[in-house]
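Visitor: I am new to reading protein structures, and I would like a close look at a single part. Could you walk me through it slowly?

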Amino acid sequence: MATQLAAEYAELGFFIGGQWTPAGDRKTSPVINPATEETIGQLPHATNADLDRALTAAQKGFETWRAIFPDQRGKVMKKAADILRSRAEEIARVATTESGKRIAETRIEVQMSANIFDWYAEEGRRAYGRVLPQRAPGTRLAVIKEPVGPVAAFTPWNFPLGNPARKIGAALGAGCSVILKPAEETPASALAVARCLMEAGLPENVLSIVFGVPAEISTYLLASPIIRKISFTGSIPVGKHLMKLAAEGMKRTTMELGGHAPVLVFDDVDVDQVLDACVGAKYRNAGQVCVSPTRFYAHEKIYNRFVDGFTARAKAVAVGDGLNDKTQMGPLIHARRLVAIEGFVADAVQHGAKVRAGGGRLHERGYFYAPTVLSEVPNSARIMNEEPFGPVAVINPFSDFDGVIREANRLPYGLAAFAFTGSAHRAKLLGEKLEAGMVGVNTFQISVPESPFGGIKESGHGSEEGIEGLEACLVTKFISEA
Ligand code: NAD
C-alpha cells in the first residue's frame, strides 16, 4: 500500500477549520474498493456540532483570506499545485483504489488538479472592476468585484481529485472560504488535495472538509446565513433539490449536472481514426463521466463499418483493477450503478435494441460491467432519454444533417456534444447548432483550465474554470462617490 493511502486510511477523519478531526465516537460508514469489494476504511460522519464548527470557521476564514492580497493567495495555491505534482503517483494510487478509475487516468487527474490551482492562483489577480466616466465634477463612479463569501461545495466520486480542486480553486482564487463535502466513496482523495493546500500555508479556517449523509449535510449548511454560495456537481434531480434549498436564502449557485452527449459522425471522416477516439472516450472511467459520449449517430453510408469497428474495439478493452497498468477500464463505483446499468440494457433490449458487445457483469468480485455496444435503439428506450452513466455505447444511423441535429438536441440535457466531419463548412455549422455548453468538433478534448466548463438547459448553469469560474465566486458592487 502506498504511503499516502496508508496514512489517510490509518484513521479516516476530516478537517474542520484546518484542524484534523478523527472519528471519536461518531457514526461511521465503510469505504469500499470497487475493484475488490474490500472495505478499506471506516469514514466518520460529521455531527451537527461539527457542522456548526465548520460554519464558524468558514466565517472567520473568510475574513482572514479576503484580507490577504490576491498575489499572496496565489503563492499559496501555486505551492499547493507543486506539492500535488510532487506526490502525483501516491495520490493517483489513492484515487484509483477508492474510485476504481484506472491509474493512467488518475495520474492525469492529479496534473489537471494542479493546473487548476495554478490557473486560479493567476486569475485571482485579475478580478478587475472598472471606473465609469463622470457625470459631474469631483465624482468617482467605481465598479468593484468582491468575494461572494463562504462557499458550500459538494463533489461526486467520478473525479475524486479534479472535482474538489475545481470547487476549492474557484473559491480560494476569488478570496472565499470553503466547506467541502466530497463524495463518501472517495474521501482520501479529497483529503489528500486538502493536505497539499494546508502544507502550502493555507490559513486555518479557510477550508473545511466534512463527510456524512449528503442530504443531511447540504440541508444543514444551506440553512445557515453564513453560506453565501453553493457549488454542486452531480445528478440533475439532486441539483434541482439543492437549488430549492438555496432559493430560501437567495444564495448563489453553480450547478454542474448530468448530460447525455450526442456524437455525430459524418461520412467524410477517417472512420478508423474516429473510432479509436470514440471508443477511448466512451470507456474512460467506465463511462462515469458527465461529458461522456453516450449517443452515437453514424451516417448511414458508414454505419455498418462504424458499428462493427466499435464492437471489435469494445470487445478488446482490458477490464480489471485500475491499479494494474495494463487495465483499460476499471469497475463501476458501487453495486447500485451495476443494477442501474443492467436495468438500462434490459430495457433497451426489450425495446428491440441489438447487443453487439458486452451486456453483462464481469469477474467474480468487484463492480465490473463489460464494455457494451447497443445498436438500433429506439427513442422509446430509457437509455435514449436518461443519462446512463456507465460503459454503454448506443449507436444509431442517420441520413440528413437537420434530422440528426434535431435528434442531438431532442433531450433536456445540454452539457457536451461532439461531432466528427471533414468539412470545414459543416464543422462551423455544428458548433452553432448543437445545444450544449461545450461542443467538441473533431475532438473529445473540451476542458482546459482556461476554458469554461459547464452546461445549459437542465445540465446546469454557472461554468467552472475559465474567467467564468472566478466570476462565479465574485459579487459586483457599485460605489458612487461625490
Ligand atoms: P447520487 O445522486 O446518490 O449521488 C451523486 C453525488 O451527489 C454524490 O457524490 C452524492 O454524495 C451527492 N449527493 C446526493 N444527494 C445529495 C444531497 N441531497 N446533497 C448534497 N449532495 C448530494 O447518485 P450516485 O449513484 O452516486 O451517482 C449516479 C448518478 O449521479 C448518475 O446518474 C449521474 O447522473 C450523477 N452523477 C453526475 C456526476 C457529474 O459529474 N455530473 C458525477 C457523479 C454522479
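Which residues in α2 are buried?

Guide: Happy to help! Please keep in mind that this is a predicted model. In α2, the buried residues are Asp 50, Leu 51, Ala 54, Leu 55, Ala 57, Ala 58, Gly 61, Phe 62 and Trp 65. Buried here means under 20% relative accessible area.

Now look at the helix itself. α2 covers residues 48–66, and it has 19 residues. From its first C-alpha to its last, α2 reaches 27 Å, close to the 27 Å expected at 1.5 Å a residue.

Next, find the partner of this helix, α8, made of residues 214–222. The axes of α2 and α8 come within 11 Å and cross at roughly 45°. An angle between 35 and 65 degrees falls in the oblique class, and therefore α2 and α8 are oblique to each other. Their crossing is right-handed. On the α2 side, the contact is made by Asn 48, Leu 51, Asp 52 and Leu 55, while α8 brings Ile 217, Tyr 220 and Leu 221. Sorted by class, this contact has five nonpolar residues, one polar and one charged. Notice that Leu 51 and Leu 55 take part in the contact and are also among the buried residues of α2.

With that picture in mind, you can read another helix pair in the same way. Helix α10 (residues 271–282) packs with α11 at an angle of about 45°, with their axes 10 Å apart. That angle makes α10 oblique to α11. The crossing here is right-handed. From α10, the residues that meet α11 are Val 271, Asp 272, Val 274, Leu 275, Asp 276, Cys 278, Val 279 and Lys 282. From α11, they meet Arg 305, Phe 306, Gly 309, Phe 310, Arg 313 and Ala 314. By class, the contact of α10 with α11 divides into eight nonpolar, one polar and five charged residues.

Stay with α11, which spans residues 303–316, and pick out Thr 311. Thr 311 counts as buried because its relative accessibility is 10%. Leaving aside neighbours within four places in sequence, Thr 311 is in contact with Arg 356, Ala 357 and Val 373. The C-alpha atoms of Thr 311 and Thr 106 are 205 residues apart along the chain and separated by 26 Å.

For another buried residue, try Ser 113 in helix α5, residues 103–123. Ser 113 is buried because its relative accessible area is 0%. Not counting residues up to four places away in sequence, Ser 113 touches Leu 84, Leu 161, Gly 162 and Ala 165.

Finally, here is something to look for in the loops. Most residues other than glycine have a negative phi. Ala 286 is not a glycine, yet it has a positive phi of about 50°. Ala 286 sits in the loop between α10 and β13, and it is buried, with a relative accessible area of 1%. His 363 also has a positive phi, of about 65°, although it is not a glycine. You will find His 363 in the loop between β15 and β16. His 363 is partly exposed, because its relative accessible area is 48%.

Note on methods
Residues numbered from 1 in each chain as written. Predicted model: local features only at pLDDT ≥ 70, side-chain atom pairs only at ≥ 80, totals over all residues. Heavy atoms only, no water. Helix = DSSP H or I, 4+ residues; strand = E, 2+ residues; numbered from the N terminus. Buried < 20%, exposed > 50% of the residue type's maximum accessible area, 1.4 Å probe, protein only. Contact = heavy atoms within 4.5 Å. Axes fitted to C-alpha atoms, helices over the stretch in contact; angles between N-to-C directions. Parallel < 35°, antiparallel > 145°, perpendicular 65-115°, else oblique. Left-handed = near helix turned anticlockwise from the far one by under 90°. Nonpolar A, V, L, I, M, F, W, Y, C, P; charged D, E, K, R; others polar. Expected span 1.5 Å × (residues − 1).
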